[in-house]
Amino acid sequence: MEALRVEGLSKDFGGVHAVHHVSFNVEIGERLVIIGPNGAGKTTLFNLINGQLSPTAGRIYFLGQDITEMTTHRRAHLGQARSFQIINLFLNLSVLDNTLLSLHGTKRSRLQMFRSMKSYGNLLSNAQESLEAAALWEKRDELVKNLSYGEQRRIEIALSLASKPKLLMLDEPSSGLTRDEGSEIIALIRNLGPTITVLIVDHDMDLVFGVAERIIVLHYGQIISNGKPEEIRVDPKVREIYMGAEECIDRARAD
Amino acid sequence: MANAKSEPIHRTLQGQLIRLSPFIVGAVILFLLPAFLPAYVQTIWTKFLIFAIFATSFDLIYGHAGLLSLGHAAFFGAGGYVVGVLLLHYEISSFWICAPLGVIVASAIAAVFGFISLRVSGMYFLLVTFALAQLLYSIAWNWLWLNSPGMQGIAGIARPDLGIPSFRWTPIYFYYFVLIIFVLCFYLVYRIMNSPFGCSLRGIRESELRMESLGYNTWFHKYIVFIVTGAFAGIAGVLFAYFNRLISPVHLAVGTSFLPMCMVIIGGTGTLLGPVIGAMVIVFVEYFSSLFTPERWPLILGGLFVAVIMYSRGGIMVYLSEIWKRIGTHYGSTQS
């Protein structure tokens, strides 16, 4: 069963084809990683799938439903959740409020005006669960802006996971993290259940080859390769555009 | 903090008392002190409470949702004009008709204005709300139906008719009447602030993009809070018309919109008590300056505003809560 299908998706900014005729699909429970050099259109693709941008052409299907014209918040109700490349949290709110906001987002209670937000027992225990998983429960009353960068990254992911989404989209989850913190994220993604589909954009090769079941390589807005990690590793085209730079550096060092 | 996990300290009776003590002290002052003051000073307290409602409503949209509106007086004035028009043309002075109608009209205007102004954000939102309020101002200025014969505005508004036989208003009765409505509004805003909806407003202020991707229709939340604050401003306007006995186009215009903004910024944005303290400071400083140098009031207000912005960015409430925290930790009872 497929979770997401993208057909001929394009997005132009003026004359620039940020995303150009991209088509692929993702099976339920699959871990798909999108890689590509800077400016390849990875984040634009994420913004199209999650609805922050609307495409110039093409269609997007989520769980069999055409969501091309759908607003971001309705996509969230269908089960999409995303994290952001640049940290995008409620900095002046407490860690617990951040998590509770995420949990109320897809419930009817988000419009409740006269009941205390902390009086929803089951949501509070869900929040405790996801904050304990991120080792942040002790810091629940701290303002997010007072946390370290690594902790904020963990909240980014905890927020997108809290509402138990069907499709989790992580935009560079390991950017700016130390190697240890990075491997914590890898472990976290690996431990997600089989019902949750994961779409990741990242540069960190440990993470890419650590979690990917399939890799899509994007270059100037187009898919140039789509396959299993071992296929991508040996694909000459990919080596040329993506890892070639590293080889040049290696060669330069050798000289 | 060893036992913090098993029993959150702020849940204990002592912690609860310390947490609530500003409210208890405030309530005691508001309920008892004015009774022992001269009648004229009682009216100043009444004015303070009316503006506290107005400022609290403004804080809900500015401090919480982060929307800076420069047309908040439109709803305040609309509430006042409902009282005036009902008296002038229909000779209705019953509070039980005027007040609900004032609130309904104010929120209806907010529903229309919000629909127009929430299409844009930031500076443009400020300009559109400003323009819409000025539109009401010029309507009130030019439409004879909205003016008592031979003057601008509607004069001769009496204290509200509560329908109680042989009841006579005195300044202190009116004060307590306004106080009851203030407490009611304050409680409602308190409930809204702590609700999921209230928190969603703060989320929108912090990151609208993230709220959208969490499943919130942020436009709808902003629209709802725009109408809710319109309703609260309407109540304040109704009370103000009874208090001032005159409602004029000025009460719809930018000068009146500016007042709750000053109060909220001076008192502290996004806090429950901040707008009340801001209203208190402005109303009482205006009163004292009118005793000594009536014509220099705008200068004093401007100086006060600059001083607060320069030396206490978060408003007076930041100082007070800092002091409060220190007292709390001194007695070892508030959590972190």
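I began with the handedness of one helix pair in this predicted model, and I found that α2(B) and α11(B) cross in a right-handed sense.

**Entry 1: α2 and α11 of chain B**

I then looked up the geometry of this pair: helix α2 covers residues 39-64 of chain B and helix α11 covers residues 274-292 of chain B, and they pack at about 140 degrees with an axis separation of 8 Å. Since angles over 145 degrees would count as roughly antiparallel, I noted the pair α2(B) and α11(B) as oblique.

Which residues of α2(B) meet α11(B)? From α2(B) I listed Ile44(B), Lys47(B), Phe48(B), Phe51(B), Ala52(B), Ala55(B), Thr56(B), Phe58(B) and Asp59(B), and opposite them, in α11(B), I listed Gly274(B), Pro275(B), Val276(B), Gly278(B), Ala279(B), Met280(B), Val283(B), Phe284(B) and Tyr287(B). Sorted by type, the residues of the contact of α2(B) with α11(B) come to 13 nonpolar, 3 polar and 2 charged.

**Entry 2: α3 and α9 of chain B**

I turned next to helix α3 (residues 73-90) of chain B and helix α9 (residues 218-244) of chain B, whose axes come within 6 Å and cross at roughly 45 degrees. That angle makes α3(B) oblique to α9(B), and I recorded the crossing of α3(B) and α9(B) as right-handed.

On the α3(B) side I found the contact made by Phe75(B), Phe76(B), Gly77(B), Ala78(B), Gly79(B), Gly80(B), Val82(B), Val83(B) and Gly84(B). The residues that α9(B) brings to this contact include Gly230(B), Ala233(B), Gly234(B), Ile235(B), Gly237(B), Phe240(B) and Tyr242(B). How many of the residues in the contact of α3(B) with α9(B) are charged? I counted no charged residues there, the division being 12 nonpolar and 7 polar.

**Entry 3: two serines of chain B**

I looked up Ser248(B), which I placed in the loop between β2 (246-247) and α10 (254-267) of chain B. Is Ser248(B) buried or exposed? I found 23 other C-beta atoms within 10 Å of Ser248(B), and the limit for burial is 20 or more, so I entered Ser248(B) as buried. Setting aside residues up to four places away in sequence, I saw that Ser248(B) touches Gln152(B) and Gly153(B). I also checked Ser248(B) against Gly84(B), a residue of the α3(B) contact in the previous entry, and I noted that their C-alpha atoms are separated by 9.5 Å although they stand 164 residues apart along the chain.

Ser117(B), by contrast in setting, lies in helix α4 (residues 95-117) of chain B. With 25 other C-beta atoms within 10 Å, I entered Ser117(B) as buried. Apart from neighbours within four places in sequence, the residues I found in contact with Ser117(B) are Phe125(B), Val128(B), Thr129(B) and Leu132(B). I then looked up Ser117(B) and Pro165(B), which are 48 residues apart in sequence, and I noted a C-alpha to C-alpha distance of 45 Å.

**Entry 4: chain B as a whole**

I recorded 13 helices and 2 strands for chain B, and I noted that its C-alpha atoms fill a box of roughly 75 × 50 × 40 Å along the principal axes. The radius of gyration of chain B is 21 Å, which agrees with the value near 20 Å for a compact globule of 336 residues. I found that 45% of those 336 residues are buried. Of the contacts in chain B between residues at least 6 apart in sequence, 78% join residues at least 24 apart.

**Entry 5: chain A as a whole**

For chain A I recorded 9 helices and 10 strands, with a C-alpha trace that spans about 65 × 45 × 35 Å along its principal axes. A compact globule of 255 residues would have a radius of gyration near 18 Å, and I noted that the 19 Å of chain A agrees with this. Buried residues make up 42% of the 255 residues in chain A, and 66% of the contacts with a separation of 6 or more join residues 24 or more positions apart.

**Entry 6: where the chains meet**

I closed with the contact between the chains, to which chain B gives 21 residues and chain A gives 30 residues. Which elements of chain B give two or more residues to the side that touches chain A? I found α6 (171-194), α7 (196-206) and α8 (208-214) of chain B, and α7(B) gives the most, with 7 residues. I divided the residues on this side of chain B into 7 nonpolar, 9 polar and 5 charged.

Notes. Residues are numbered from 1 along each chain as its sequence is written. Chains are lettered from A and ligands numbered from 1 in the order in which they are written. This is a predicted model: local features need pLDDT of at least 70, side-chain atom pairs count only at pLDDT 80 or more; totals for chains, interfaces and linings use all residues. Helices (H or I, at least four residues) and strands (E, at least two) are DSSP runs, numbered from the N terminus. The radius of gyration is taken over C-alpha atoms; the globule rule is 2.2 Å times the number of residues to the power 0.38. A residue is buried if 20 or more other C-beta atoms lie within 10 Å of its own, exposed if 12 or fewer, and partly exposed in between; C-beta atoms are placed from the backbone. Two residues are in contact if their C-beta atoms, placed from the backbone, lie within 7 Å. Axes are lines fitted to C-alpha atoms, for helices over the stretch in contact, and angles run from 0 to 180 degrees between N-to-C directions. Angles under 35 degrees count as roughly parallel, over 145 as roughly antiparallel, 65 to 115 as roughly perpendicular and the rest as oblique. A crossing is left-handed if the near helix is turned anticlockwise from the far one by less than a right angle, and right-handed if clockwise. Ala, Val, Leu, Ile, Met, Phe, Trp, Tyr, Cys and Pro count as nonpolar, Asp, Glu, Lys and Arg as charged, and the others, Gly among them, as polar.
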